[in-house]
Amino acid sequence: MITRIAGGNLVTSNSMQVTDVWIKDDKVMHVGAGDFHAEETIDASGLYLLPGGVDPHVHMQLPTPAGPSSDTFYTGSVAALHGGTTTIIDFVTPQPGQSLVDALEARMQEAESSLIDYSFHVSPIEWRDTTAEEIEACFKRGITSFKIYMAYKQAVGLEDNEVERVLQTVGRLGGMVTVHAEMGDEIDALRDQSAAAGKLEPDAHQATRPNHTEADAVKKVIDMAADASCPLYVVHVSTRESLEHIRNAQAKGQQVIAETCPHYLLLDESKYAGTFEKTVKYVLSPPLRTEADQKALWHALKDGDISTIGTDHCPFTLAQKSAGKDDFRKIPNGAGGVEHRIALLYTYGVLPEKISFQKMVDVACTQPAKIFGLYPKKGEIKAGSDADLLVWDPNTESVISSKNHHQNSDLNIYEGFTSRGNAKWVIRSGEVVIADGELIDSGVTGKFLKRKNILI
């Protein structure tokens with residue numbers, strides 16, 4: 001079947017042009033004028049054509065003591081599609097003693113209900129005699145990125161010598177390590193001190209994770225990655241001090257890549273003032289920072305020091321968050337956002353000219369695909385690419401609310417935000433799955449994506 005998307009303004013990471021896009025089955029067949037016979041035509045006049053969004057950082061049904069994060073792969077993918085995202089990279093977090101390969105296979109089964117394509121970062125949570133060969137076995141299954149945690153030492157966090165071994169192994173194999181960089185031991189001590197002083201409300205979460213606990217960890221792991229000759233991807237960067245360490249490493253030619261999230265660009269620490277019910281939804285790690293940090297992140301995004309925008313999508317319900325009603329240390333960390341990423345970047349980045357439209361496409365679509373070995377199948381609209389794209393209508397306006405969002409939660413950290421534009425049509429693998437804002441669920445699910453080594 002041939003579909004023609006006619007007369008849209010095609011926006012890529014480096015250009016804009018009014019043109020046609022022709023799709024045959026599940027691939028882009030041709031970009032530009034053509035005399036092919038189209039069985040279906042979508043009139044995109046006055047609208048924008050964008051590659052389907054690639055969110056490199058989501059946590060669907062993540063296990064926690066308060067229960068799994070509230071979006072399954074199905075509900076989370078529905079939310080993603082409504083926001084114009086057609087590919088996600090989630091995580092594999094094994095149980096202690098469990099093989100990384102066994103954990104990967106179990107996670108792949110959980111993801112089979114996803115309506116969009118997916119891949120994973122695999123997280124070694126300990127170093128055992130077999131861990132190196134397990135990492136290599138994951139490579140053979142198409143996994144080329146591995147997530148480490150420097151925080152959460154009592155659960156998934158690694159000690160320094162274990163971090164070094166992961167970096168050395170992944171670097172030798174030609175992959176990439178992604179890192180949650182916070183000084184876990186120091187944070188644990190600060191949290192316990194706060195509890196001992198009777199400071200147990202959600203605002204203590206922010207107070208016990210000051211800026212330097214992220215920045216010091218970023219500096220430390222950058223040095224360790226340099227010694228191991230391993231490319232490093234720093235997830236959810238939130239502080240201006242971290243950016244300085246990242247810039248310094250990049251200036252020396254080290255492969256250090258930075259990601260940030262919409263909540264660090266748009267929300268600040270003032271959200272922690274108020275009642276438990278009003279503030280608990282903002283308990284996520286790292287915490288929200290200052291307006292000065294926000295400004296630094298926007299500048300770094302524009303200048304290219306930050307390469308990608310992920311969401312760290314990990315929603316919980318108020319009931320789940322209430323596990324920490326009497327002790328902030330028991331609040332499950334995380335919030336949703338996969339549905340709002342592109343709309344927020346367009347509204348608060350492109351329209352006020354903090355970033356260009358092309359830059360938005362680059363950080364939300366193209367760079368995540370390039371960095372994690374999915375390009376040019378994903379993150380691009382050109383002949384041979386997967387037919388994942390969205391038709392963006394800039395003429396709409398809506399107010400974000402937990403009452404009308406699609407994520408499976410009664411909380412939304414962007415509650416009350418006005419957003420301009422929406423994904424009028426979303427096409428995944430050549431099939432229209434969102435039309436005029438409505439989901440068309442044909443029952444066809446997404447597929448697991450085997451990835452190549454990194455492409456920078």
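Colleague: Let's start inside. Which residues touch the most other members of the largest nonpolar core?

Modeller: A nonpolar core is a set of buried Ala, Val, Leu, Ile, Met, Phe, Trp, Tyr and Cys residues joined through side-chain atoms within 4.5 Å. Buried means under 20% relative accessible area with a 1.4 Å probe, protein chains only. Here the largest core has 98 residues, and Phe357 and Trp392 touch the most other members. Helix α7 gives this core its largest share, seven residues. There's also a second, separate core of 16 residues, with Ile42, Ala44, Leu47 and Val432 among them.

Colleague: And the ground rules?

Modeller: This is a predicted model, with local features needing pLDDT of at least 70 and side-chain atom pairs counting only at pLDDT 80 or more, while totals for chains, interfaces and linings use all residues. Numbering runs from 1 along each chain as its sequence is written, and side-chain values use heavy atoms, with hydrogens and water left out.

Colleague: Back to Phe357, then. Which residues is Phe357 in contact with?

Modeller: Contact means heavy atoms within 4.5 Å. Leaving aside neighbours within four places in sequence, Phe357 is in contact with Val11, Met16, Tyr48, Leu50, Tyr346, Val350 and Trp392.

Colleague: You mentioned α7. What should the span of helix α7 be, and what is the distance between its end C-alpha atoms?

Modeller: Helices (H or I, at least four residues) and strands (E, at least two) are DSSP runs, numbered from the N terminus. The expected span of a helix is 1.5 Å times one less than its number of residues. Helix α7 has 18 residues, 211-228, so it should span 26 Å, and its end C-alpha atoms are 26 Å apart, which agrees.

Colleague: Which residues of α7 are buried?

Modeller: An α-helix has 3.6 residues a turn, so residues three or four places apart point the same way. In α7 the buried ones include Glu214, Ala217, Val218, Val221, Ile222, Met224, Ala225 and Ala228. Right after the helix comes Ser229, with a positive phi near 55 degrees.

Colleague: Now a strand residue. Is Thr19 buried or exposed?

Modeller: Thr19 sits in strand β2, residues 16-24. Its relative accessible area is 10%, so Thr19 is buried. Not counting residues up to four places away in sequence, Thr19 touches Ile5, Ala6, Gly7, Gly8, Leu10, Val31 and Gly32.

Colleague: On to empty space. How many cavities of 30 Å³ or more does the structure hold?

Modeller: On a 1 Å grid over the protein atoms alone, a cavity is a set of points where a 1.4 Å probe fits but cannot get out; a pocket is an open set with protein on both sides within 12 Å along at least five of seven lines, and lining residues have an atom within 4 Å of a point. Points join across faces, edges and corners, and a volume is the space filled by probe spheres set on them. The structure holds five such cavities. The largest has about 60 Å³ of space, and its lining includes Lys281, Phe316, Gln407 and Ile413.

Colleague: And the pockets: which residues lie nearest the centre of the largest pocket?

Modeller: Thr64, Pro65, Tyr152, Ala155 and Val156, out of 46 lining residues. That pocket has about 1100 Å³ of space. Helix α5 gives the most to its lining, five residues. The second largest pocket has a volume of about 400 Å³. Of its 20 lining residues, His82, Glu339, Ser398, His406 and Asn422 lie nearest the centre. Strands β14 (389-399) and β15 (418-428) each give two or more residues to that lining.

Key: Buried < 20%, exposed > 50% of the residue type's maximum accessible area, 1.4 Å probe, protein only.
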